[in-house]
Amino acid sequence: MNQSGKTRSVFRFFFAWQDDQEEKWLEKMARQGWHLVRGGIVFRFVEGKPGEFRYRLDYRPGSNRSLEEYFTLFADSGWEHVCSFGGWHCFRTGDASAPEVFTDVDSKVEKYRRLLMLLLVFLMASLVILSRSPRSSSSVLYEFYAWAKVVQSCVVVLLGYAAVRVYLHIRRLRRKAAELTRRSVEGKC
Amino acid sequence: MKHDPMSFLPLTEATFLILASLASPKHGYAIMQEVSALSGGAQKLGPGTLYGALTKLLDQELIRRTGESSGEDERRKHYVLTALGRRVVECECARMQSLSELGRKALAAKGEAQ
């Protein structure tokens, strides 16, 4: 990628239900010569030759060691593993003949279902914590708990919102799949 | 019943082709090439889709790891159909065949009535 060594960091909230937009953003950065090195809350780029790349994000929790076969499969089909953060794995390819990462809607839906499961587990855990009322007579502690409740409530709302967005995204994908099936059958008959 | 082949049907197109390609042992990338060849290039299989499918099929015991790996690299594990997996492919073939015969017969009968 002919790196000049110049780097740049961009702070960006990563919204899991619109990861397609994140991919487009990474592709735009690559066209301007900024190539991703590390992701997460801060995205780190290194400057290099501007180029056309496809970026794809997959969500698959688990240790990178247990995913060795997974990374090999991507490498074999022309996808370079760029970085991983919080269960997300970022791949890129400059090879137009490399197949798409997900070639059917079912596997794309599965990806969001894995994400949704995790969100629901966190949501349940937060709700359990929130519903427990601490017994304390100390007024300092009482105030602390009150603030903790506010923060926890915000977390619950945020998680709930994320879960709904991911769920709606899954529904949209399913609808699109039905449409695609209809069209492919029309073509054959 | 976990080991009733019928309980796995119907298969998605991708799953069906992956299973069919594993009639003989293959590693991941070889499966992608075989599926593309079997379908005359019509069905491309991406690494994300394939990895998810392999994990699921291992879990359902329709395929198993053979223990051997490609000489140069031991990260490329080989997979092959289990006896159950073979039965599932056979049942799916039979199901699709009887469905397609049924469909054509029904359409032909309707054509005569008109």
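# Exercises on chain B and its interface with chain A

The accessible surface of chain B amounts to about 6,600 Å², and 53% of this surface belongs to carbon and sulfur atoms. The structure is a predicted model, with an ipTM of 0.81 and a pTM of 0.83.

## Exercise 1. The fold of chain B

Determine which secondary-structure elements chain B contains and in what order they follow.

*Solution.*
1. Chain B has four helices and three strands.
2. Along the sequence, these elements of chain B are arranged as α-β-α-α-β-β-α.
3. Of the 114 residues in chain B, 40% are buried.
4. Among contacts in chain B with a separation of 6 or more, 54% are between residues 24 or more positions apart.

## Exercise 2. Confidence in chain B

State which element of chain B has the lowest mean pLDDT and which the highest.

*Solution.*
1. Begin with the whole chain: the mean pLDDT of chain B is 88, and 87% of its residues reach 70 or more.
2. Turn to the elements: strand 2 of chain B (residues 63–69) has the lowest mean pLDDT, 83.
3. Helix 3 of chain B (residues 47–59) has the highest mean pLDDT, 94.

## Exercise 3. The interface

Describe the contact between chain B and chain A, and identify which element of chain B supplies the largest share of the side that touches chain A.

*Solution.*
1. The contact involves 19 residues of chain B and 20 residues of chain A.
2. Together, the two chains bury about 1,700 Å², with 59% of that area on carbon and sulfur atoms.
3. The interface of chain B and chain A contains nine residue pairs in polar contact, both residues being at pLDDT 80 or more.
4. On the side of chain B that touches chain A, at least two residues each come from helix 2 (28–38), helix 3 and strand 3 (77–81) of chain B.
5. Helix 3 of chain B supplies the largest share, namely six residues.

## Exercise 4. Salt bridges across the interface

Locate the two salt bridges between chain B and chain A, and decide whether Glu69(A) is buried or exposed.

*Solution.*
1. Recall the principle: side chains of opposite charge can pair when their charged atoms come close.
2. Glu69(A) and Arg65(B) form a salt bridge, with their closest N and O atoms 3.0 Å apart; this lies within the 4 Å cut-off.
3. Glu69(A) belongs to helix 2 of chain A (residues 68–76) and Arg65(B) to strand 2 of chain B, so this pair joins two chains.
4. Glu69(A) has a relative accessible area of 16% and is therefore buried, the limit being under 20%.
5. Arg65(B), at 42% relative accessibility, counts as partly exposed.
6. A salt bridge also links Arg76(B) and Asp76(A), whose closest N and O atoms are 2.7 Å apart.
7. This pair runs from the loop between strand 2 and strand 3 of chain B, where Arg76(B) lies, to helix 2 of chain A, which holds Asp76(A).
8. Both Arg76(B) and Asp76(A) are buried.

## Exercise 5. Salt bridges within chain A

Explain why the pair of Lys6(A) and Glu47(A) ties together separate parts of chain A.

*Solution.*
1. Over all chains, the structure holds 17 salt bridges.
2. In one of them, the side chains of Lys6(A) and Glu47(A) meet at 3.7 Å, N to O.
3. Lys6(A) is in the segment before strand 1 (7–11) of chain A, whereas Glu47(A) is in strand 3 (residues 42–47) of chain A; the pair therefore ties together parts 41 residues apart in sequence.
4. Glu47(A) counts as partly exposed, at 23% relative accessibility.
5. A network of salt bridges links Glu23(A), Glu27(A), Arg54(A), Arg56(A) and Glu100(A).

Conventions. Residues are numbered from 1 along each chain as its sequence is written. Chains are lettered from A and ligands numbered from 1 in the order in which they are written. Side-chain values use heavy atoms; hydrogens and water are left out. pLDDT is the predictor's confidence in each residue, from 0 to 100. Buried means under 20% relative accessible area, exposed over 50%, partly exposed in between (1.4 Å probe, protein chains only). Contact means heavy atoms within 4.5 Å. Accessible areas come from the Shrake-Rupley method with a 1.4 Å probe; for residues, only the protein chains shown count as cover. Buried area is the accessible area (1.4 Å probe) that two parts lose on being put together, summed over both. A polar contact is a pair of N or O atoms within 3.5 Å; within protein, one must be able to donate a hydrogen and the other to accept it, and residues adjacent in sequence count only if both atoms are side-chain atoms.
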